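Reader: I would like a close look at a single part of this model, with the criteria spelled out as you go.
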Amino acid sequence: MTASSTQTGPPPPKPRAAVVRDALGVGITVGLSGFVFGVTSSGAGLSVAQTCALSLLVFTGASQFALVGAIGAGGAPFAAAAGALFLGARNAFYGLRLSQLLALPAAVRPLAAQWVIDETSAVALAQPDRAAARLGFTVTGVSLYLGWNITTLLGALGASALGDPSAWGLDAAGPAVFLALLVSMVRGGDSRGSWRRIRERPEPVTAFVAAVLALASLPFLPAGVPILVAALAAPAVLVVNRRRRDLS
Amino acid sequence: MIWAAIALVAAGCYAVKLLGLSVPAAVLERPMVRRLAALVPIATLAGLIALQTFGEGRTLVVDARAAGLAAAAAALLLRAPFLVVVAAAVLVTAAVRALTG
């Protein structure tokens with residue numbers, strides 16, 4: 001991997017304690033939000049076992065919220081699964097960047113793979129060297145996996161005590177989680193500098209077109225399908241952008 | 001059916017994670033693939049936000065969730081931590097719902 005041209009000089013070495021502190025900060029705060037997932041999933045009609053299975057086995061928050069949200073809205077389970085898989089696909093690209101950075105032995109890869117998500121990637125990729133990146137990835141992965149699964153269980157168990165989740169406003173948690181993730185993705189692109197000029201940045205227009213497509217198709221298509229229509233905004237924007245570049 | 005969907009999502013999500021760690025970089029580093037991979041989650045997230053905020057069955061409504069989402073957006077503009085953003089959305093939605101009955 002080549003150094004970014006925006007970087008000035010080699011970064012200073014980072015003490016292990018600082019890496020652990022950053023990693024634990026991310027792992028614990030995001031891990032706590034598993035509670036919201038547990039409650040949301042129960043509210044969508046999934047059992048405690050199904051809810052916990054999602055956090056243990058899927059372990060990528062956006063896909064989990066997407067799946068239970070679609071099932072809760074009455075979507076067919078397989079259409080709901082397709083939306084969740086679309087969201088999970090981005091983890092392949094985190095894995096790609098992490099495999100070069102962490103240089104994991106082949107035997108460790110199947111284990112480490114389950115932790116390749118937004119937060120562990122963000123922490124690992126922010127570290128100045130391989131040792132710090134490995135430490136940051138591991139500490140974030142362990143703390144987030146433990147926290148996310150324990151709080152998922154608590155949320156799923158507590159949901160029955162809470163009664164109707166919408167009375168507590170918990171049906172707004174999913175969209176808020178997605179918005180936070182969306183903003184961090186758009187900001188992430190910004191700091192890399194390759195999309196600096198707003199006019200050439202495809203993210204805002206893609207998000208807008210996707211939202212319009214989703215809402216416009218909601219009354220006419222079966223539940224679960226509008227999100228797949230929304231995803232078409234991505235190739236559509238790329239094709240239009242390329243055509244416009246070819247013309248200019 | 002729900003268990004089948006869970007199994008499918010679990011297997012699929014694990015497979016893409018492992019794929020990223022395992023394949024040679026050249027396979028996924030084509031510019032078109034990379035750009036699409038960056039934009040598909042953005043489109044999906046934006047679609048989900050719209051549907052879960054304004055969708056009620058198969059009709060569109062503006063209700064307390066819209067106020068909650070606005071609160072989350074305000075918290076994000078103020079660079080609030082993740083949990084504060086979610087809490088703002090939940091609390092404002094609950095408050096608006098309690099006030100408007």
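Are α6(A) and α1(B) roughly parallel or roughly antiparallel to each other?

Author: This is a predicted model, in which local features need pLDDT of at least 70 and side-chain atom pairs count only at pLDDT 80 or more, while totals for chains, interfaces and linings use all residues. Residues are numbered from 1 along each chain as its sequence is written, and chains are lettered from A and ligands numbered from 1 in the order in which they are written.

Helix α6 of chain A covers residues 90–102 and helix α1 of chain B residues 2–22, and the two pack at an angle of about 30 degrees with their axes 6 Å apart (helices are DSSP runs of H or I, at least four residues, numbered from the N terminus; axes are lines fitted to C-alpha atoms over the stretch in contact, with angles from 0 to 180 degrees between N-to-C directions). α6(A) and α1(B) are therefore roughly parallel to each other, a term for angles under 35 degrees, whereas those over 145 count as roughly antiparallel.

On the side of α6(A), the residues that meet α1(B) include F93(A), Y94(A) and L96(A), and their partners in α1(B) include V16(B), L19(B) and L21(B); contact requires C-beta atoms, placed from the backbone, within 7 Å. By class, this contact of α6(A) with α1(B) has nine nonpolar, four polar and one charged residues (Ala, Val, Leu, Ile, Met, Phe, Trp, Tyr, Cys and Pro count as nonpolar, Asp, Glu, Lys and Arg as charged, and the others, Gly among them, as polar).

Between the chains as wholes, 85 residues of chain A are in contact with 62 residues of chain B. Helix α10 of chain A, residues 173–192, gives the most to the side of chain A that touches chain B, with 13 residues.

Notes. Angles under 35 degrees count as roughly parallel, over 145 as roughly antiparallel, 65 to 115 as roughly perpendicular and the rest as oblique. Two residues are in contact if their C-beta atoms, placed from the backbone, lie within 7 Å.
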